[in-house]
Amino acid sequence: MPSSYCHLAVHLVFSTKNRQPHLRGKAGNEMQSYIKGIIDNLGGTTLAIGGIAEHIHILCLIPSTLSVAEFLAKVKANSSKWFRAKYGPEFHWQEGYGAFSVSKSKIGDVTNYINTQREHHYHTSASDEFDVLLKKHWDPEKLSVWNDMAN
């Protein structure tokens, strides 16, 4: 087989450290744009990006040359370095993250979900939201992981 094909659509979720609301308004919009640029430079494709003041959701195609962990480490390291230089040294991402595979048939649904984050969080806390994602994709007995990841 002379060439390879890889379609790794992943829904990524991670928070600011200690859930600090650093991503409000213009700063949040700029962070999303900057992250899209990082993903493009890494050879990935951003399908949707959104969030609220203290966490972010990304739906993207991850390049075949990087593992999910390597990819996310580069996204988080580069974006936090840029954000600290622009807005101040107190910004950090949480250490952990959620990464959920997305089938091609569900990309539209996840895109819509990410694009409506602001409306969604009028009714749902970030912790409850992450619990729902874990119940859909992972072991429900591990639901406390979201709170552990923020520090």
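Biologist: Which strands are joined by a hairpin, and through how many residues?

Modeller: Keep in mind that this is a predicted model. In it, strand S2 covers residues 45-52 and runs antiparallel to S3, with seven bridges between them. One of the facing pairs is Thr-45 opposite Leu-61 in S3. The hairpin joins S2 to S3 through two residues.

Biologist: Thanks! Which residue in S3 is the bridge partner of Val-13?

Modeller: Let's look at strand S1, residues 9-15, which is joined to S3 by seven bridges. These two strands run antiparallel. Within S3, the partner of Val-13 is His-57.

Biologist: Is strand S3 mostly covered or mostly open, and how many of its residues are buried?

Modeller: S3 spans residues 55-61 and pairs with S1 through seven bridges. Another seven bridges join S3 to S2. S3 is mostly covered, and of its seven residues the number buried is six.

Biologist: Which elements give two or more residues to the largest nonpolar core?

Modeller: Here is a handy background idea: in soluble globular proteins, nonpolar side chains tend to be buried together. The largest nonpolar core here has 22 residues, and Met-31, Ile-35, Ile-58, Phe-71 and Trp-93 touch the most other members. The elements that give two or more residues to this core are S1, helix H1 (25-41), S3 and helix H2 (68-87).

Biologist: And how many residues are in the other core that lies apart from it?

Modeller: You can find this other core by looking for Ala-9, Leu-59, Ile-107 and Val-110, which are among its members. It lies apart from the 22-residue core. Its residue count is seven.

Biologist: Which residues does Trp-93 touch, leaving out those up to four places away in sequence?

Modeller: Trp-93 is one of the core residues that touch the most other members. With residues up to four places away left out, its contacts include Met-31 and Ile-35. The full list is Phe-14, Ser-15, Thr-16, Lys-17, Leu-23, Met-31, Ile-35, Ile-56, Lys-76, Ser-79 and Ser-80.

Biologist: Does Glu-54 count as buried or exposed?

Modeller: The side chain of Glu-54 meets that of Arg-19 in a salt bridge, at 3.9 Å from N to O. This pair links distant parts of the chain, with Glu-54 in the loop between S2 and S3 and Arg-19 in the loop between S1 and H1, 35 residues apart. Buried means under 20% relative accessible area. Glu-54 has 12% relative accessibility, so Glu-54 counts as buried.

Biologist: Why does the pair of Lys-86 and Glu-30 tie together parts that are apart in sequence, and how many residues apart are they?

Modeller: The side chains of Lys-86 and Glu-30 meet in a salt bridge, 3.2 Å from N to O. Because Lys-86 lies in helix H2 and Glu-30 in helix H1, the pair ties together parts whose separation in sequence is 56 residues.

Biologist: About how many helical turns separate Asp-40 and Lys-36?

Modeller: These two side chains also meet in a salt bridge, at 3.1 Å from N to O. Asp-40 is partly exposed at 39% relative accessible area, and Lys-36 is partly exposed at 36%. They are four residues apart in helix H1, so the separation is about one helical turn.

Biologist: Last one: in what order do the elements run from the N terminus on?

Modeller: The protein has 151 residues, of which 44% count as buried. There are six helices and four strands to place. From the N terminus on, the order is β-α-β-β-α-β-α-α-α-α.

Conventions:
Residues are numbered from 1 along each chain as its sequence is written. This is a predicted model: local features need pLDDT of at least 70, side-chain atom pairs count only at pLDDT 80 or more; totals for chains, interfaces and linings use all residues. Side-chain values use heavy atoms; hydrogens and water are left out. Buried means under 20% relative accessible area, exposed over 50%, partly exposed in between (1.4 Å probe, protein chains only). Two strands pair if DSSP finds at least two bridges between them. A nonpolar core is a set of buried Ala, Val, Leu, Ile, Met, Phe, Trp, Tyr and Cys residues joined through side-chain atoms within 4.5 Å. Contact means heavy atoms within 4.5 Å. A salt bridge is a side-chain nitrogen of Lys or Arg within 4 Å of a carboxyl oxygen of Asp or Glu.
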